[in-house]
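Me: I'd like to learn how to read a chain interface and a few hairpins. Can you walk me through a case?

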Amino acid sequence: MTNWIEIAKLEDIPKLGSRVVKTDTMNIAIFRTADDNVFALKDECPHKQGPLSQGIVHDNTVTCPLHNWRISLESGEAQGPDVGCTNTYAAKVENGVVYLTLAVGEVAA
Amino acid sequence: MSKQKLVLVGNGMAGIKTLEEVLRLEPDMYEITVFGSEPHPNYNRIMLSPVLAGEKTIDDIVLNDMQWYQDNGIALHTGDPIVEIDRVNKKVKTAGGIEAVYDRLLIATGSNPFMIPVPGVDKEGVLGFRDIADVDAMLEASKNYKKAVVIGGGLLGLEAANGLMKNGMDVTVVHLMDFLMERQLDKPAADMLKLSLEERGMNFLMEAQTAEILGDERVKGVKFSDGSEVEADLVVMAVGIRPNMELAQSAGIYCERGIVVNDTMQTYDPSIYSVGECVQHRGVCYGLVAPLFEQAKVAATHLVKIGLGRYEGSLTSTKLKVTGIDLFSAGQFNEEEGDETLVLQDPAVGVYKKLVITDNKVKGAVMYGDTLDGTWYFQLIREGTDISAFRSTILFGQHDLGDAGHGDETRVAALSNDAEICGCNGVCKGDIVNAIQTQGLFTLDEVRAHTKASASCGSCTGLVESIIASTVGEGYEAAPSKKAMCKCTDHSHDDVITAIKDNELKDMRSVFDFMDWKTPDGCASCRPALNYYLLARWPGEYKDDAQSRFINERAHGNIQKDGTYSVVPRMFGGLCTPKDLRAIADVAEKFDVPEMKVTGGQRIDLFGVKKEDLPAMWDDLTQAGFVSGHAYAKGLRTVKTCAGKTWCRFGTQNSTDLGVQLEELTWGSWMPHKFKMAVSGCPRNCAEATIKDFGVVCVDSGYELHIGGNGGIKVRVTDLLTRVETVEEVLEYSGAFIQLYREEAHYLDRTAPWVERVGLNYVKQRIVDDEAGRKELFERFKYSQKFAQIDPWKERAQGAESHEFQTLKIAG
């Protein structure tokens, strides 16, 4: 069963920006695109673990601030010739509220 | 809805490149069918010469193997040429009777070798040099026969002759003119080339006009118009190519010397596009590969109906692919009246370089023997760079400009495969060559994407370009004359700067709309640039877009590799008091700063600060009287000073006080890139002012003002702008210079490359000669500072942008 957790109002996340949710084991970056979709990724670039939440968001992609890898917000996969993948989590917006699901056993901090 | 149908006639480089671009832009738009007359997948035609010379195999030069066609769902028909285009019913038909309908047709039939129409030209053993079949026939002939004649002493003819010679044949090159490669070389360079080829055993018959091919079934010799004859078992005609436009002509598509296309690569039939050697664009037919790729990109944007690109013709450069012979030419290298010529000629070591120059701009270049700087000269030609600053040494090459980072290592061809090219990403020459060959790369962007070479600091860009050029020969696709800002647009930085100004574009959406941006919200490369241009042009009006700033400028600290930040408080002129130091020490202890360090710019750096601690730390620093040091900004970093005449026995002026005044004037200003200043109290120059963006060296009579220095990647000593007498003048000149740089340099240009590009004379003219202009620049600078000198730390310490620094708290 999908367990949606309410995490923020949509307006708490800047357009083309992101916020971080801390769990007991890691950080999850919640991104908001220009068309108000939200996506959640483990806040760690597959290249050298750069914090993706700090990157520039464009279209459905974020560019890692450390070495400019471009990561798909939808799949968590690196774009272009770069190869690598970070975890994705289901996220959604309903009535201006952002919800997230965590992996089994993960607890919000 | 079923997909539209795109049919490509011609399975060569230009056509397939267009498909690659189409697939990249709109992978699912078309159902694609390709017809090729040769029984091979797409291969790199320009590499046929190395195949003939035995340096490469056919497999080495395949660009897209059969798997690629399958992976992209492309139906490929090889060995079955199209013989008819039915434009009314929009379908094509092959010799074998296969039919295919199209919504869009792309004709890329390339060219045919021109066979001189003399008696006997149809005899066995008379070949062109165009495709794999020709190469196979030549290799076969070299096993059974001895004497070869190559008619045509141009690029292709000499490559064919060299290949045949390598296969053990006795080769004579027949040329109509009195020197070789007259379209690519001037006479001195061509004579050196001829001498070198003769030393290798090649024979030449110059100014010889072919009259007849002799023999029975098979060729036995060639007869010339003066009656002389030469024996031959094999004749290769390499006198030129003719656009292959018969198919298009038979379908009634308008052709002249080639298939006529407009700037969008569309033929006179709106459903039919054409690219490659078969087309005639603005009266020109191209036979080199780089222009074809530019055409392919343009055609693709129209095929996927983005409809943005325009092809405006190409500037080409040439390199002969004969191992051991280096020659290069580009641009307009035959001088015309009014041109100036710079020549370096050393027959003993076999070096010849000629540059043709007008108005201090390079128009053309011919090089023989040492072609290392070919890519650099080509760049100077394309960008129209003013060379007055380094004109006296330009012939000695780019490394003579003081490329301290690499120096003599720039001799690319001589480098071993394990030589490190890109120090930032640890990429060796062999990695780059390997990637180019296995992945079929042609452009700097592609090589950067696949290998990361030159993708970080960029100082090895020239080296990487040279490696691409020497690996793929003329296939190297040099950046077009007008460099697009990024992949989101075809417009250059200058186009964007001008449009923002002239059309009063005051927010990013207006720029995207007005300039037809290809992506919905730009990318990490163009958005920060646009944000800067808008901010610099419309101070007080444009609202800064935090999401378009790189994280360092959004968080007002430098992100470190572990995701923590560093904090550098501003200390004007490097001066500080015990109270200042105590305050910094208290903050460091309070926030458990793991490491402190004195920076090269005479400031104190606190490392390892957690992002969420930043505002509280800034609050303490602000209360102690500090403002942000902007150590993270594309903007003024520091003004470094020496002790000055207050203390130093050599000091001539109060350099520390001047440094403080300069920093008070300029702090907070956003610029195209980081900007460093220094003030030295005497010519001993302890503050190292002559490697700064703006440096002041005090002398007894006043102040020397220096610009465009850099102590980083590539050390560049400043140019002397002028001498002034008063502190007020120093401030005015510095502000005016910064404003000129802010208004005209491209985003991420340091002052050093900017000054090199526009020329010192231009800067002098704007800042020194034009007094009224200087004062206006200074006024505009001071106006923009009204909005820029608001301490970002204080604002955030008081709660601004708090979302940037806080994680989301989950309710319950």
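What follows is a short dialogue on the contact between two chains and on some paired strands.

Reply: Sure. Keep in mind that this is a predicted model. Let's start with the interface, then move on to chain B.

Me: How do I read the interface, and how many residues of chain A are in contact with chain B?

Reply: In general, the size of an interface is often given as the accessible area lost when the parts come together. Here we go by residue contacts, with a cut-off of 7 Å between C-beta atoms placed from the backbone. On that count, 27 residues of chain A touch 20 residues of chain B.

Me: Which elements of chain A give two or more residues to that side?

Reply: They are β1 (5-9), β2 (17-22) and β5 (56-58) of chain A. The largest share, 5 residues, belongs to β2(A).

Me: And how do the residues on that side of chain A divide into nonpolar, polar and charged?

Reply: You get 15 nonpolar, 6 polar and 6 charged residues on the side of chain A that touches chain B.

Me: Now the strands. What should I keep in mind about side chains there?

Reply: In a regular strand the side chains alternate between the two faces of the sheet. For the case at hand, go to β24 (residues 351-358) of chain B, which pairs with β23 (residues 340-346) of chain B in the antiparallel sense over 7 bridges. Across that pairing, D346(B) sits opposite V351(B).

Me: What joins β23(B) and β24(B)?

Reply: The two form a hairpin with 4 residues between them, and G350(B) in the turn has a positive phi of about 70°. On from there, β24(B) also pairs antiparallel with β25 (residues 361-368) of chain B, over 7 bridges. One pair to look up is K353(B), whose bridge partner in β25(B) is M367(B). That hairpin has 2 residues between the strands, and D359(B) takes a positive phi near 50°.

Me: Where else in chain B can I practise this, say around β14(B)?

Reply: Try β13 (residues 210-215) and β14 (residues 219-224) of chain B, which run antiparallel and are joined by 5 bridges. G215(B) faces V219(B) across them, and a hairpin links the two strands through 3 residues.

Me: Which strand comes next to β14(B), and in what sense does the pair run?

Reply: β14(B) pairs with β15 (residues 229-231) of chain B, antiparallel over 3 bridges. Look for G221(B) and its bridge partner E231(B). The hairpin they belong to has 4 residues between the strands, with G227(B) in the turn at a positive phi of about 95°.

Note on methods. Residues are numbered from 1 along each chain as its sequence is written. Chains are lettered from A and ligands numbered from 1 in the order in which they are written. This is a predicted model: local features need pLDDT of at least 70, side-chain atom pairs count only at pLDDT 80 or more; totals for chains, interfaces and linings use all residues. Two residues are in contact if their C-beta atoms, placed from the backbone, lie within 7 Å. Ala, Val, Leu, Ile, Met, Phe, Trp, Tyr, Cys and Pro count as nonpolar, Asp, Glu, Lys and Arg as charged, and the others, Gly among them, as polar. Two strands pair if DSSP finds at least two bridges between them.
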